[in-house]
Amino acid sequence: MPDLTGKVALVTGASSGIGASVAKELARCGAAVAINYYPGNEGDAQAVVAEIESAGGRAVAVAADVTDSEQTVAMIDSAIESLGALDIVVNNAGITRDGLLVRMSDADWGAVISTNLTGVFNTTRAAAKHMMKARSGAIVNVASVIGLVGNAGQANYAAAKAGVIGLTKSVARELAGRNVRANAVAPGFIETAMTATLPEAVREASQEAIALKRFGQPEDVARAVAFLASDDAGYITGQTIAVDGGMTFV
Ligand code: NAP
């Protein structure tokens, strides 16, 4: 288990699924964690805070819609005010609005790009100012294997996640001189609310395409994120690690 004792982390979209699991894993490794949640959904975020606190950790909930740059600046400032520093940012918040290309509405295209790509930019830009000043930091972006290989019915999602991978590489190059690392994980098929509604036929076909013949759990992603966020990964930057049970080999 990586040692994150004394570190402060912020995880976006941490009130459920992979984000909640990442927040709990970072706390288990010793970090104090700011749990970002979409405004209005405080109950689930406070449940994650309570779980971390009852295990002896330290956490606070911070509201922000990551598509709104002013809210992301306020979120970062609030996390630093509450927890005293900011060493780790995990850009996890994301949505899907699937549909075939020719039928995809402007709204569905825009919502996914705003949340999954611009949201990462907004939060990273706000956090980078503090990390550059501190001359230390680790950013971990939650991309997707769909950003590596594409998917019919997910043009918006694939474009956003491929964008996140390119953004990660640029941030890694730009901030390396200030000792700030940026990496990404690319989860495959992970059991969360996002995948719960997929039709059974799609689930079966997906499972067949996975070398390990099983879906992943949020904890599988969380452990990879904790590693990349830690000093154990101190010589790794600009990389994207697929956490997909062998669904893609790229
Ligand atoms: P999830 O359970 O739906 O979690 C997504 C989280 O993001 C929710 O907490 C959601 O909050 C939050 N969120 C959405 N829009 C937001 C916004 N504008 N501002 C702040 N928070 C926002 O789905 P998940 O599967 O854990 O997904 C987490 C990440 O993993 C996403 O980036 C997703 O693309 C990626 N991923 C998932 C899979 C998979 O198989 N599950 C595979 C590859 C990549 P609310 O619930 O309050 O809206």
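The following dialogue treats a helix, the nonpolar cores and the ligand site of a predicted model.

This is a predicted model in which local features need pLDDT of at least 70 and side-chain atom pairs count only at pLDDT 80 or more, whereas totals for chains, interfaces and linings use all residues. Residues are numbered from 1 along each chain as its sequence is written, and side-chain values use heavy atoms, with hydrogens and water left out.

Student: How far apart are the end C-alpha atoms of helix 9?
Tutor: Helices here are DSSP runs (H or I, at least four residues), and strands are runs of E of at least two, numbered from the N terminus. The expected span is 1.5 Å times one less than the number of residues, so the 12 residues of helix 9 (residues 218-229) should span 16 Å. The model agrees, with the end C-alpha atoms 16 Å apart.

Student: Which element gives the most residues to the largest nonpolar core?
Tutor: Such a core joins buried (under 20% relative accessible area, 1.4 Å probe, protein chains only) Ala, Val, Leu, Ile, Met, Phe, Trp, Tyr and Cys residues through side-chain atoms within 4.5 Å. Among its 36 residues, Leu26, Ile35 and Val90 touch the most other members. The greatest contribution, 7 residues, comes from helix 9.

Student: What percentage of the ligand's exposed area does the protein bury?
Tutor: A polar side-chain atom of lysine 161 lies 2.9 Å from a ligand oxygen atom, while a backbone N or O atom of valine 66 lies 3.0 Å from a ligand nitrogen atom. Taken alone, the ligand exposes 880 Å² (Shrake-Rupley method, 1.4 Å probe), and the share of this that the protein buries is 89%.

Conventions. Buried means under 20% relative accessible area, exposed over 50%, partly exposed in between (1.4 Å probe, protein chains only). A polar contact is a pair of N or O atoms within 3.5 Å; within protein, one must be able to donate a hydrogen and the other to accept it, and residues adjacent in sequence count only if both atoms are side-chain atoms.
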